[in-house]
Amino acid sequence: MGIPEINYWAVLLATLSSMVVGTIWYSPKVFGTRWEKLAKVDRTANSSAVLPIMVTVVVSFLTAWVLAGSTAIAWHFYGGGYLVSAIVTGVTLWGGFTAA
């Protein structure tokens with residue numbers, strides 16, 4: 001079978017979309033203020049956010065890359081529609097690893 005075919009443009013787009021959604025999600029007008037309180041984050045402290053953002057970009061890229069590879073493998077193994085394989089693979093990986 002070899003290495004699965006991965007569309008790296010799609011992986012980059014997924015990484016970017018993850019960053020956009022995270023930016024909106026943690027904005028003060030959405031859940032940012034509540035999150036700061038619960039996580040005891042002091043935004044007034046003079047600390048740089050560059051390292052956490054870079055780590056988030058790398059983790060988002062790796063997550064998208066693994067999901068793309070897993071979807072390609074599942075699609076080649078089970079056949080059928082690629083979109084269905086992507087959804088089933090994503091939900092299965094989420095249920096098996098993240099939710100558990």
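**Note on pockets, surface patch and selected residues**

1. K40 is exposed, with a relative accessible area of 76%. The model under discussion is a predicted one, and K40 is a suitable residue with which to begin reading it. K40 sits in the loop that connects helix 2 to helix 3. Its backbone also deserves attention: K40 is not a glycine, yet its phi is positive, at about 55°.

2. The largest pocket should be examined next. Its space amounts to about 650 Å³. The lining consists of 19 residues, and those closest to the centre of this pocket are Y26, W35, A49, P52 and I53. Three helices each supply at least two residues of this lining: helix 1 (8-25), helix 2 (28-39) and helix 3 (50-78). What is the chemical character of the residues in the lining of the largest pocket? Eight of them are nonpolar, eight are polar and three are charged.

3. The second largest pocket has a volume of about 420 Å³. Its lining comprises 18 residues, with A14, T63, A64, L67 and A68 nearest the centre. Helix 1 and helix 3 each supply at least two lining residues here, as does helix 4 (82-98). Which helix gives the most to this lining? Helix 3 does, with seven residues. By class, the lining of the second largest pocket divides into ten nonpolar residues, seven polar residues and one charged residue.

4. The surface carries a nonpolar patch of about 1000 Å². The residues that make this patch are L13, L16, V20, V21, I24, W25, Y26, V30, F31, W35 and V41. Helix 1 and helix 2 are the elements that give two or more residues to the patch. Of the contributing elements, helix 1 gives the most, with six residues. The student may wish to compare this list with the residues closest to the centre of the largest pocket, since Y26 and W35 appear in both.

5. L13, one of the residues of the nonpolar patch, is found in helix 1. Is L13 buried or exposed? L13 counts as exposed because its relative accessibility is 55%, and the cut-off for that class is over 50%.

6. Y26 belongs to the loop between helix 1 and helix 2. Y26 counts as partly exposed, because its relative accessibility of 40% falls between the limits for buried, under 20%, and exposed, over 50%. Y26 and E36 are ten residues apart along the chain, and their C-alpha atoms are separated by 8.9 Å. Y26 thus deserves a place in two parts of this note: it is among the residues closest to the centre of the largest pocket, and Y26 also belongs to the nonpolar patch.

7. S85 is located in helix 4. Why is S85 classed as buried? Its relative accessible area is 8%, and buried means under 20%. How far from G22 does S85 lie in sequence and in space? The two residues are 63 residues apart in sequence, and the distance between their C-alpha atoms is 26 Å.

8. To review the accessibility classes in this note, K40 is exposed at 76% and L13 is exposed at 55%. Y26 is partly exposed at 40%, whereas S85 is buried at 8%.

Methods:
Residues numbered from 1 in each chain as written. Predicted model: local features only at pLDDT ≥ 70, side-chain atom pairs only at ≥ 80, totals over all residues. Heavy atoms only, no water. 1 Å grid on protein atoms, 1.4 Å probe; cavity = no way out; pocket = protein on both sides within 12 Å on 5 of 7 lines; lining within 4 Å. Points joined across faces, edges and corners; volume = space filled by probe spheres on them. Helix = DSSP H or I, 4+ residues; strand = E, 2+ residues; numbered from the N terminus. Nonpolar A, V, L, I, M, F, W, Y, C, P; charged D, E, K, R; others polar. Patch = residues over 30% accessible without salt bridge, like charges linked within 9 Å, V, L, I, M, F, W, Y side chains within 5 Å. Areas by Shrake-Rupley, 256 points an atom, 1.4 Å probe, with all protein chains shown as cover. Salt bridge = Lys/Arg side-chain N within 4 Å of Asp/Glu carboxyl O. Buried < 20%, exposed > 50% of the residue type's maximum accessible area, 1.4 Å probe, protein only.
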